[in-house]
Amino acid sequence: MASTIPSTGANRAEERKVLAGTMVGTTIEWYDFFIYAQAAGLVLAPLFLAPVAAENPGLAQVLSFATIGISFLFRPLGAIVAGNLGDRFGRKKVLVATLILMGAATSLIGVLPTYAQIGILAPVLLILLRVLQGFSAGGEWGGAALMSVEHAPTNKRGYFGAFPQIGVPCGMILATFTIWLLVTVLGNEAFLAWGWRLPFLFSIVLIIVGHLIRKAVEESPVFKQMQKEHGESDAPLRQLFRTNTKQVILTALIFLANNAAGYLLIAFFATYASRPVDKLGLGMDRGTVLLATTLASFGWLAFTLYGGRLSDRIGRVRTFQIGYVVLALWAIPMWFLIDSKSIVLYFVALFVLTVGLGLSYGPQAALYAEMFPARVRFSGVSIGYALGAIVGGAFAPMIAELLMNEFKVSWSIGVYIAVAALISLIAVSFVKEPKGVDLHAAEGPTTTTRAEAH
């Protein structure tokens, strides 16, 4: 029988703190991450890869996008470390640590010398800080997801779990809006010269705010009960792969398409639309494109929250399936709207995309938490999420750039996203609906695949 954490007057204040803490924390964490992704598309190539940019701007842009992917390779390491610590010592401590680490790495990028100042050491230091960002992000999501879902009443896990999820579009909105504002106020020349540093430095203030909010949140009740009944979890990573390897693989494949399409929205669309036509772009005004991208991202926020709520009614698997069908069907047609060079149609293309993104992202925290037993849950959801990010979004902007350079037609990128959506749709269809399982179960898998069920 599923356990229930009733939402009474006594604990509603704590629930509000949890929802605020997970949303604000992930918003700040992903603001840091997305500021880099935006900068990689707009300014980092000529500043940190100057010799390559001078000889081959297209290759420099590919390499700049590749630095986004490099950090993803270190997400599993962050997930392993944070998951192990989170399963042994609690979710809260890990969340505070990952927030501080991400903020420190982001702020240091804001003061890095460029290639013109220190030569090859500039991209080397940039990549090292990017690695720290990836390590931090690998541990962030799992902790935030579990803090929200494990505090939730059983019938509201999808809704509670959507709050750390909407931190991602909120982080993107904040990052994109910040860059748009600076480009508009300073102009392209000043932004390229020094203004690009400001969004990274703003992170210092955001980290202080996020740290204070997260410290006020109580530890997960599921973890506290598990610790009381079973003590410290012994070697959770070894136990995870002994009993739940299939779940880890499924969670990675389920996330593949959402993360790939999401990173095109985060890092590629604005770059493609605003760069010159002779560089395989559309030549649209950069400030207008950034504003339209920001406004379209509100759809991602709204549909993510709706996706969490919907999954509480019709189930996690069904909500995911709807989202991936929408994503697969829209992946190719949206490029014809974008290529019209109409800012209105550009906005429509991205906004419709966020419908599929939101429905395949809102239920994720609840689904993943319900797929793993309590003793290995932090490790399981974190590693699955990190692996999904590698096969999904890590190199999605770079792959999109390579497809454009090779085929010279944007809809080829749509084929790539449609195939990814089909893979994730099949993967989630192999999960037996877990809605309402007992999150307090410390041992044994809490769900099976459909193949296992039959």
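Are Arg316 and Glu370 buried or exposed? Arg316 is buried, and Glu370 is buried too. Buried means under 20% relative accessible area, exposed means over 50%, and partly exposed lies in between (1.4 Å probe, protein chains only).

This is a predicted model, in which local features need pLDDT of at least 70 and side-chain atom pairs count only at pLDDT 80 or more, while totals for chains, interfaces and linings use all residues. Residues are numbered from 1 along each chain as its sequence is written, and side-chain values use heavy atoms, with hydrogens and water left out.

## Salt bridges

Side chains of opposite charge can pair when their charged atoms come close. A salt bridge here is a side-chain nitrogen of Lys or Arg within 4 Å of a carboxyl oxygen of Asp or Glu. By this rule the count is 5 salt bridges. The table gives some of them.

| Pair | N to O distance |
|---|---|
| Glu401 and Arg275 | 2.9 Å |
| Asp312 and Arg316 | 2.9 Å |
| Arg316 and Glu370 | 2.9 Å |

Start with Arg316 and Glu370, whose side chains meet in a salt bridge. This pair links distant parts of the chain. Arg316 is in helix 17 (residues 316-330), Glu370 is in helix 20, and they are 54 residues apart. Helices are DSSP runs (H or I, at least four residues), numbered from the N terminus.

Arg316 also forms a salt bridge with Asp312. The relative accessible area of Arg316 is 0%. Asp312 has 15% relative accessibility, so it counts as buried. Arg157 joins the picture as well: Arg157, Asp312, Arg316 and Glu370 are linked in a network of salt bridges.

Now take Glu401 and Arg275, another salt-bridged pair. Glu401 lies in helix 22 and Arg275 in the loop between helix 15 and helix 16, so the pair ties together parts that are 126 residues apart in sequence. Glu401 is buried, at 2% relative accessibility. Arg275 is buried as well, at 9%.

## Two buried residues and their contacts

Which helix holds Phe268? Phe268 sits in helix 15 (residues 245-274). Why does Phe268 count as buried? Its relative accessible area is 0%, so it falls under the 20% limit.

Contact means heavy atoms within 4.5 Å. Leaving aside neighbours within four places in sequence, Phe268 is in contact with Phe65, Tyr263, Arg275, Trp335, Pro397, Ala400, Glu401, Met404 and Ile413. Both partners of one salt bridge, Glu401 and Arg275, are in that list. Pro397 is in the list too. Phe268 and Pro397 are 129 residues apart in sequence, yet their C-alpha atoms are 5.6 Å apart in space.

Gln364 is also buried, with a relative accessible area of 1%. Gln364 lies in helix 20 (residues 364-371). Beyond its neighbours within four places in sequence, Gln364 is in contact with Trp141, Gln165, Phe255, Phe320 and Tyr385.

## Surface patches

Patches are made of residues with over 30% relative accessible area and no salt bridge; like charges are joined within 9 Å, and nonpolar side chains (Val, Leu, Ile, Met, Phe, Trp, Tyr) within 5 Å. Lys and Arg count as positive and Asp and Glu as negative, while His and the chain ends are not counted. A charge is placed at NZ of Lys, CZ of Arg, CG of Asp or CD of Glu.

Arg12, Arg16, Lys156, Arg309 and Arg313 form a positive patch on the surface. Helix 1 (9-42) and helix 16 (286-314) are the elements that give two or more residues to this patch. Arg313 lies in helix 16. Arg313 is exposed, with a relative accessible area of 57%.

A nonpolar surface patch is made of Leu73, Phe74, Leu77, Ile80, Val81, Leu85 and Phe89. Together they have about 540 Å² of accessible area, by the Shrake-Rupley method with a 1.4 Å probe, where only the protein chains shown count as cover for residues. Leu85 is found in helix 5 (residues 75-89). Leu85 is partly exposed, at 36% relative accessibility.

## Positive phi in two loops

Leu280 is not a glycine, yet its phi is positive, near 60 degrees. Leu280 is in the loop between helix 15 and helix 16. Its 24% relative accessibility makes Leu280 partly exposed.

Lys408 is not a glycine either, and has a positive phi of about 65 degrees. Lys408 lies in the loop between helix 22 (396-407) and helix 23 (411-429). At 51% relative accessibility, Lys408 counts as exposed.
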